[in-house]
Amino acid sequence: MSKPKEETVAVQDAFIAAYGECGTVRTACTGAQVSRSTVYRWIDDNLYGFKDKYHAAQEVFKEYLQDLAVERVKGQGPKDNPVLLITMMNAFIPEKFRRDSQGADSIDGVRSRGRRLIQLGLKKMMPERTL
């Protein structure tokens, strides 16, 4: 038997609040005392507009992670690991810091160089054939 709309919406709202804070379905389900299958059914059926609320909560958590990353980057010293800083630069200034798909460091560039090296190596290993 289905719960009344008000009760379902209250449980959905509890899940959304928890999800915006923790960012995982499992933990939010525990906090809202609802099963994962129920949450995924709400998303699939968009019950009472749940899908939009779910995506909004994802954005809230993403912003929280960005805030946390920025705080940590600001607190880094010159000798700290730069991976977080580089990741943030790639995310927010991709036109300047993300390797483009046509560059020498792209996967296609690496594959192309790899093929050339293999071809050169094979040529050196195989004697010339004469006809």
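In this predicted model, residues 24 or more positions apart account for 41% of the contacts in the chain with a separation of 6 or more. The secondary structure comes to 7 helices and 0 strands, and from the N terminus on the elements run α-α-α-α-α-α-α. Of the 131 residues of the chain, 20% count as buried, while the chain exposes about 10,500 Å², of which carbon and sulfur atoms supply 56%.

In soluble globular proteins, nonpolar side chains tend to be buried together. The largest nonpolar core of this chain has 15 residues, and those with the most contacts inside it are Phe15, Tyr19, Val25, Val34, Val39, Phe50 and Tyr54. At least two residues of this core are supplied by each of α1 (5-22), α2 (25-32), α3 (36-45) and α4 (50-74). The surroundings of one of these core residues can be listed in detail: when residues up to four places away in sequence are not counted, Val39 touches Phe15, Val25, Cys29, Val34 and Phe50.

The helix α2 has a buried side and an exposed side. Its buried residues are Val25, Ala28, Cys29 and Ala32, and because these fall within an arc of 105 degrees when seen down the axis of α2, they line one face of the helix. An α-helix has 3.6 residues a turn, so residues three or four places apart point the same way. On the other side of α2, Arg26, Thr30 and Gly31 are exposed, whereas the buried residues of α2 pack against α1, α3 and α4. Just after α2, Gln33 takes a positive phi of about 55 degrees.

A corresponding description can be given for α3. Here the buried residues are Thr38, Val39, Trp42 and Ile43, and their directions, seen down the axis of α3, fall within an arc of 140 degrees, so they too line one face of the helix. The face of α3 turned away from this buried side carries the exposed residues Asp44 and Asp45, while the buried residues of α3 pack against α1, α2 and α4. Just after α3, a positive phi of about 50 degrees is taken by Asn46.

The packing between these two helices can also be described geometrically. Two packed helices are described by the angle between their axes and the distance between the axes. For α2 and α3 the angle is about 105 degrees, and the axes lie 9 Å apart; since angles of 65 to 115 degrees count as roughly perpendicular, α2 and α3 are therefore roughly perpendicular to each other. The contact is made by Val25, Arg26 and Cys29 on the side of α2, and by Arg36, Val39 and Tyr40 on the side of α3. Val39, one of the buried residues of α3, thus takes part in this contact and is also listed among the core residues with the most contacts.

A residue of α1 may be considered last. Thr8 is found in helix α1, and with a relative accessible area of 8% this residue is classed as buried, because buried means under 20% relative accessible area. When neighbours within four places in sequence are left aside, Thr8 is in contact with Lys3, Trp42, Leu47 and Tyr48, and among these partners Trp42 is itself one of the buried residues of α3.

Notes:
Residues are numbered from 1 along each chain as its sequence is written. This is a predicted model: local features need pLDDT of at least 70, side-chain atom pairs count only at pLDDT 80 or more; totals for chains, interfaces and linings use all residues. Side-chain values use heavy atoms; hydrogens and water are left out. A nonpolar core is a set of buried Ala, Val, Leu, Ile, Met, Phe, Trp, Tyr and Cys residues joined through side-chain atoms within 4.5 Å. Buried means under 20% relative accessible area, exposed over 50%, partly exposed in between (1.4 Å probe, protein chains only). Helices (H or I, at least four residues) and strands (E, at least two) are DSSP runs, numbered from the N terminus. Contact means heavy atoms within 4.5 Å. The arc is that of the directions from the helix axis to the C-beta atoms. Accessible areas come from the Shrake-Rupley method with a 1.4 Å probe; for residues, only the protein chains shown count as cover. Axes are lines fitted to C-alpha atoms, for helices over the stretch in contact, and angles run from 0 to 180 degrees between N-to-C directions. Angles under 35 degrees count as roughly parallel, over 145 as roughly antiparallel, 65 to 115 as roughly perpendicular and the rest as oblique.
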